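Subject: Handover of a structure and notes on its contents

Dear colleague,

Please find the structure below, together with its sequence. My notes on what was found in it follow.

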Amino acid sequence: MKGNSLPMKGREFLRKKRTPMQLEQILQYSFSGLSTGAIYALIGIGFSIIFNATGIINFAQGEFVMLGGMLTLFFLELLQLPLWAAVPCAVAVSALAGILFERLAIRPLRQPTPINLVIITIAGSILIRGLAMLLWGKDTHAIPPFSGDEPISIAGATILPQHIWILAITVLIIAVNKFFFYHTISGKAMRACSYNRRAASLVGIDVRRMVLLSFIISSVLGSLAGIIVAPLTMTAYDVGIMLGLKGFCAAIIGGMSSGMATVVGGLILGVLESLGAGLISSGYKDAIAFIILLLILFIRPQGLFGKAESERV
Amino acid sequence: MRRELLKFLFFAVLILAAPLVFSGGYLMNVLVFVGINTMLAVALNLLLGYAGQISLGHAGFFGIGAYLSGILTATYGWNAWLAMPLAALVVGTLAGLIGFPILKLKGHYLAMATLGLGIIIYIVFNETVDLTGGPSGLSGIPNLSIGSLVFDNDFKNYYLIWTFGLAVVLFCVNLAGSRVGRALRAVNDSEVAARVMGVNARILKVQVFALSAVISSLAGSLYAHTMTFVSPASFGFNFSVELLTMVVIGGLGSVYGSFLGAALLTLLPELLRGAQDYDIIIYGGLLMSMVMFMPGGLVRGLPELFRRVARRREGAGNA
């Protein structure tokens with residue numbers, strides 16, 4: 001509905017103010033901001049799922065985003081698979097990487113203090129990035145768009161078919177995610193873990209399996225995000241750092257929720273970033289996300305929509 | 001305390017005598033950087049190893065020190081010895097101000113917030129082209145000098161850097177053994193217990209954060225005057241992680257461990273010439289295996305390893 005009412009208002013506005021460039025630009029930036037925001041949201045949900053199941057902030061989350069894009073490219077170009085086959089293969093391999101990461105790095109940790117967990121996930125991310133660099137080199141690659149690159153014009157702003165793919169796939173993933181967490185046994189068990197791990201294990205939930213499952217789900221989400229964004233932004237072995245951090249920023253705005261709050265957080269971040277880059281300065285585009293991150297952490301660490309929680313000692 | 005002093009004297013003699021063995025050549029240049037990195041690692045260790053507060057933004061403080069010194073001397077013609085303390089003062093004030101809100105955060109959140117801070121600083125270095133020269137860097141920074149003695153070669157720089165380096169090491173060894181050091185460790189073990197014992201944990205954490213930033217800034221100024229050129233690439237997120245790796249490899253809460261870590265990580269790329277692309281994997285692998293198998297770092301892990309090997313050998317001898 002919003003999509004329909006906006007252009008109408010826009011046209012009226014144009015007639016009155018006679019600043020067509022300005023308004024079209026804002027619309028344009030908002031559209032592209034929404035699609036990058038959707039990507040941040042997916043990555044942010046990945047962060048939240050692991051955090052809720054384990055209390056870990058997985059610094060390697062961004063690397064799964066990178067793996068998604070690079071693996072798709074690998075299956076497309078080197079193995080000459082069609083896109084519909086390359087994507088599931090890439091997601092499957094990323095999920096496998098998620099499993100290996102949990103089994104080889106997180107689970108064997110002898111002293112799982114927060115600092116050690118931060119260090120081990122950072123180490124893991126460096127390792128994955130390094131391996132990707134060795135395997136695929138340092139070049140930046142492009143993945144062909146899913147359905148051509150004929151721009152579509154909406155209310156004076158042009159968007160690419162890939163933008164629509166991103167939004168549609170994101171909506172689909174969020175719906176599946178919602179269904180999983182509220183209507184399946186495993187999903188409900190994971191939610192139980194996030195409320196109270198001990199209590200969950202007392203009622204017979206295998207907490208360690210849920211931890212593994214959370215890593216699988218978030219690596220799948222991350223790699224999907226990496227795949228759908230790659231045709232727009234190109235991909236390389238080191239795209240994971242920034243995308244991961246911005247996904248984290250989305251999750252922080254959403255109060256580490258694995259639901260709508262993080263999605264809204266991602267969209268807000270994407271639009272603000274895109275508007276800031278377009279209207280203020282493109283050089284400071286990346287700084288916007290981190291300034292928001294710091295402000296939220298300082299002022300509302302419970303997230304933009306969360307209720308204040310008293311500090312537990 | 002006397003034992004600590006003897007340890008320090010032994011260390012100082014070792015450092016001051018090193019040029020007699022390695023004099024001349026490229027190695028001297030590397031050893032200068034070992035000195036700068038030791039200062040940085042010791043500074044980060046104060047925060048991470050003693051107070052238990054992680055920072056992934058220390059490359060930013062290092063960078064501000066380097067850029068302030070560089071800009072004040074190269075662009076505005078200041079005396080380098082005047083620019084250095086001013087840079088340290090600015091960085092200390094900045095860290096003190098940002099320390100209050102940032103150190104309220106704990107664990108993962110603190111890591112992310114300091115990381116964000118580091119990246120913002122890095123972006124500012126890149127974007128304020130008029131001041132910093134942007135991505136292509138700032139050149140023409142003068143060498144330090146005392147009277148007619150100009151520190152313009154590796155040999156002289158070695159002694160210059162290590163004079164500061166040894167001072168920082170001595171200061172931190174002293175601090176660690178003092179009441180403040182004990183309070184820091186108490187905060188690390190349990191902040192609540194420390195507060196119950198009358199330690200003002202909040203102020204103390206901010207103070208050590210600022211102190212650590214000041215030492216990093218000092219190292220940055222020295223770096224700028226030795227290199228005579230700075231560019232943003234040296235102060236990014238990767239360098240913050242490298243510093244973290246040094247501290248963890250050496251051993252949390254050990255000043256000499258930080259030296260070991262700094263020396264190892266500075267020499268490593270030199271040993272791995274030709275295999276340069278592999279260094280990122282080696283960092284990652286080292287960091288991961290240290291946390292998993294030697295959480296105490298080299299200073300604690302190596303003696304334990306020797307003991308275990310000796311015991312096994314004994315056992316084999318008996319059988």
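In these notes a residue is called buried if 20 or more other C-beta atoms lie within 10 Å of its own, exposed if 12 or fewer, and partly exposed in between. A:Met234 has 14 other C-beta atoms within 10 Å, and therefore ranks as partly exposed. The residue sits in the loop between helix H9 (207-233) and helix H10 (240-253) of chain A. Its phi is near 70°, a positive value in a residue other than glycine.

Please bear in mind that this is a predicted model.

Confidence

The model scores ipTM 0.85 and pTM 0.88. Chain B has an average pLDDT of 89, with 97% of the residues scoring at least 70. For chain A the mean pLDDT is 85, and 91% of its residues reach 70 or more. Among the elements of chain A, H4(A) has the highest mean pLDDT, at 93, and helix H1 (residues 2-17) the lowest, at 45. Please read the start of chain A with this in mind: over residues 1-18 pLDDT stays under 50, and the model has 8 contacts beyond four places in sequence for that stretch.

The contact between the chains

How many residues does each chain bring to the contact? Chain A supplies 36 residues and chain B supplies 32 residues. On the side of chain B that touches chain A, the elements giving two or more residues are helix H5 (107-127), helix H11 (237-250) and helix H13 (279-293) of chain B. H5(B) gives the most to that side, with 13 residues. By class, the side of chain B that touches chain A consists of 24 nonpolar, 6 polar and 2 charged residues.

B:Met112 belongs to helix H5 of chain B. Is B:Met112 buried or exposed? With 26 other C-beta atoms within 10 Å, B:Met112 passes the cut-off of 20 and is therefore buried. Leaving out residues up to four places away in sequence, B:Met112 touches A:Ile57 and A:Phe248. B:Met112 and B:Ala219 are 107 residues apart in sequence, and their C-alpha atoms are 24 Å apart in space.

The nonpolar core and two helices

The largest nonpolar core has 198 residues, of which A:Leu42, A:Ile119, A:Cys249 and B:Leu287 touch the most other members. Helix H10 (residues 201-227) of chain B gives the most to this core, with 16 residues. Apart from its neighbours within four places in sequence, B:Leu287 is in contact with A:Ile119, A:Ala123, A:Ile126, B:Thr245 and B:Val248.

B:Leu287 is one of the buried residues of H13(B), which also include B:Tyr283, B:Gly284 and B:Met290. The cover over the buried residues of H13(B) includes helix H4 (83-106) and helix H5 (114-136) of chain A, together with H11 of chain B. H13(B) has 15 residues and reaches 20 Å from its first C-alpha to its last, close to the 21 Å expected at 1.5 Å a residue.

A similar account can be given for helix H12 (residues 285-299) of chain A. Its 15 residues should span 21 Å at 1.5 Å a residue, and its end C-alpha atoms are 22 Å apart, which agrees. Among the buried residues of H12(A) are A:Phe290, A:Ile292, A:Leu293 and A:Leu297. What covers the buried residues of H12(A) includes H10 and helix H11 (260-279) of chain A, and also H5 of chain B.

Annotated spans in chain B

An unreviewed UniProt entry carries the annotation "transmembrane region" for several stretches of chain B, including residues 59-78 and 84-102. In the model, residues 84-102 of chain B are 100% helix and 0% strand, with end C-alpha atoms 26 Å apart. Residues 59-78 of chain B are 85% helix and 0% strand, and their end C-alpha atoms lie 24 Å apart.

Further residues to inspect

B:Thr228 has a positive phi of about 60° although it is not a glycine. This residue is found in the loop between H10 and strand S4 (229-230) of chain B. B:Thr228 has 16 C-beta neighbours inside 10 Å, so it counts as partly exposed.

A:Arg209 lies in helix H9 of chain A. With 13 C-beta neighbours inside 10 Å, A:Arg209 counts as partly exposed. A:Arg209 and A:Ser186 are 23 residues apart in sequence, and 9.8 Å apart in space from C-alpha to C-alpha.

With kind regards

Methods: Residues numbered from 1 in each chain as written. Chains lettered and ligands numbered in written order. Predicted model: local features only at pLDDT ≥ 70, side-chain atom pairs only at ≥ 80, totals over all residues. Contact = placed C-beta atoms within 7 Å. Helix = DSSP H or I, 4+ residues; strand = E, 2+ residues; numbered from the N terminus. Nonpolar A, V, L, I, M, F, W, Y, C, P; charged D, E, K, R; others polar. UniProt positions renumbered as here; feature names shortened; annotations may be inferred. pLDDT = per-residue confidence, 0-100. Core = buried A, V, L, I, M, F, W, Y, C linked by C-beta atoms within 7 Å. Expected span 1.5 Å × (residues − 1).
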